[in-house]
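Reader: I'm new to reading protein models, and words like "buried" or "salt bridge" get thrown around a lot. Could you show me how such labels are earned?

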Amino acid sequence: MIIVMKADVLPDSTEVQDVVRRAERYPNVRAEVRKIQGATRVLTEVYLLGSTATIPQESFEEFQAVEKVIRIRERYRAIGRHEGQAEAVGFEYQGLQFSQDTFHLFPGLCAVDSPENTEAMFRALAEHGIVTTRAGAYKPRTSPYDFQGHGKACLPYVFELAGKYGIKVISMEITHESHLDEIRAALQSSGQATGVMLQIGTRNAQNFELLKAVGQQADFPVLFKRGMGITLEESLNACEYLATSGNHRIVFCLRGMKTNLGDPHRNFVDFAHVPVVRRLTRLPVCIDPSHAVGKKLVAPDGLLDILHVTAQGIVAGANMVLVDFHPKPEEALCDGPQALLLEELEHFLRDAELVRRTYEERLRLHEQMMGG
Ligand code: PEP
Ligand code: MN
């Protein structure tokens, strides 16, 4: 059961405390207060967890400060969008806002290989005013003989260079909970030069112990990648582990599904699910066109397939794009064939912004048509 407080009733107000006290009079019920940063206002919601089935809604509707009471019957209790929850849920990290209303591009290295390439990447981003990137230090590889990432050894220079070039957030995959401490320690040594969004890769989408560990920490937000061979429902349930463990700062990422029907792409592009995930949850939705397409194929119109599928995701409302670039893809130790060149960065950024504007235009058109 979710008790939505009226606008501007703050989480630590006496009104909220009254609601929590009332809730906790019921046996086996725990109340969790959540501050929701909407596009235009702050909302406070009180989540009642446990044996709530027999609690009468009126018991809370009678409070002056309560706007409405929502009984959760559906799946995805913590991340789901339940009846009557229209407000976008967002979070702020490193001064940036992430929600279903915002848009961020994260171009960067699939895997960090050298300080020189990292610096070339970050410098190019800074030249284009981009403050968000990706940089893999821990790489989950299909073969044990492949490059596994430099791990904690590269963190000091990655964070230092990020600080130097004004990078605020780096999306970085972790494959084991011990990586959390390594990242924390390196960030501290760098004087908190930047921020990290922890990436849960597709191969770990159902690594429940890792999800719980990442869910229990409050330092970093999480980018959760859809499992490549499981249903969307299974992925959303796995993502639910993060939220039920306490971390609600989550972005859900689509990255394609493993099926031969996806040929000739590396994966079957699933960006038609952008609106689906936005409907089922209140999480911001990311797309990863690089791992979806996996190759630098060029369409007859001259545009790369990666550009085309990026556009498909953005025009459907994606809030974030994770995309591989590399200064010298032929020398990249991981996923070189799908990496775009630094010379292609400006084109990519301008194309993505163009499509985002088109999406916003579509929303305005929709409003006009509905109003007219
Ligand atoms: C990645 O983003 O580097 C990665 C390994 O992606 P995925 O988990 O989607 O394969
Ligand atoms: Mn990769």
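Reader: Okay, what makes Cys-239 count as buried or exposed?

Author: Keep in mind that this is a predicted model. The cut-off for buried is under 20% relative accessible area. Cys-239 comes in at 0%, so Cys-239 counts as buried.

Reader: And how do you know whether Cys-239 has a bond to another cysteine sulfur?

Author: Look at the distance. A disulfide needs two cysteine sulfur atoms within 2.5 Å. For Cys-239, the closest cysteine sulfur belongs to Cys-253 and sits 11 Å away, so that's too far for a bond.

Reader: What about Cys-253, where is its nearest cysteine sulfur?

Author: That one is in Cys-286, at 3.7 Å. Set that against the limit of 2.5 Å, and Cys-253 is in no disulfide. Cys-253 is also buried, because its relative accessible area is 0%.

Reader: How many disulfides does the structure hold, then?

Author: Zero.

Reader: On to charges. Why is the contact of Arg-75 and Glu-233 called a salt bridge?

Author: The rule asks for a side-chain nitrogen of Lys or Arg within 4 Å of a carboxyl oxygen of Asp or Glu. Here the N to O distance is 3.6 Å, and the two side chains meet in a salt bridge.

Reader: Which parts of the chain does that pair link?

Author: Distant ones! Arg-75 is in the loop between β4 and β5, while Glu-233 is in helix α7, 158 residues apart.

Reader: What are Arg-75 and Glu-233 called in terms of accessibility?

Author: Partly exposed means lying between the 20% and 50% marks. Arg-75 has 44%, so Arg-75 is partly exposed. Glu-233 has 37%, so Glu-233 gets that label too.

Reader: What makes Glu-361 and Arg-364 a salt bridge?

Author: Again, check the N to O distance: 2.9 Å, against a limit of 4 Å. That qualifies, and their side chains meet in a salt bridge.

Reader: Why are Glu-361 and Arg-364 separated by about one helical turn?

Author: Because they're three residues apart in helix α11, which covers residues 345-371. As for accessibility, Glu-361 has 47%, so Glu-361 is partly exposed. Arg-364 has 46% and therefore counts as partly exposed as well.

Reader: Which residues are joined into one network by salt bridges that share partners?

Author: Asp-181, Arg-184 and Asp-219. Within that group, the side chains of Asp-181 and Arg-184 meet at 2.8 Å, N to O. Both of these residues lie in helix α5, three residues apart. Arg-184 is partly exposed, because its relative accessible area is 28%. Altogether, the structure holds 17 salt bridges.

Reader: Now for the empty space. How much of it lies in the largest pocket, and how many residues line that pocket?

Author: About 320 Å³, with 13 residues lining the pocket. Among the closest to its centre are Lys-35, Phe-91 and His-248.

Reader: Which element supplies the largest share of that lining?

Author: Strand β2, with five residues. The lining of the largest pocket divides into four nonpolar, five polar and four charged residues.

Reader: And what is the lining of the second largest pocket like?

Author: That pocket has a volume of about 230 Å³ and is lined by 18 residues. Three of them are nonpolar, five polar and ten charged. Arg-203, Arg-266 and Asp-335 are among those nearest its centre. Asp and Arg count as charged, so these three get that label.

Note on methods:
Residues are numbered from 1 along each chain as its sequence is written. Chains are lettered from A and ligands numbered from 1 in the order in which they are written. This is a predicted model: local features need pLDDT of at least 70, side-chain atom pairs count only at pLDDT 80 or more; totals for chains, interfaces and linings use all residues. Side-chain values use heavy atoms; hydrogens and water are left out. On a 1 Å grid over the protein atoms alone, a cavity is a set of points where a 1.4 Å probe fits but cannot get out, and a pocket is an open set with protein on both sides within 12 Å along at least five of seven lines; lining residues have an atom within 4 Å of a point. Grid points are joined across faces, edges and corners, and a volume is the space filled by probe spheres set on the points. Helices (H or I, at least four residues) and strands (E, at least two) are DSSP runs, numbered from the N terminus. Buried means under 20% relative accessible area, exposed over 50%, partly exposed in between (1.4 Å probe, protein chains only).
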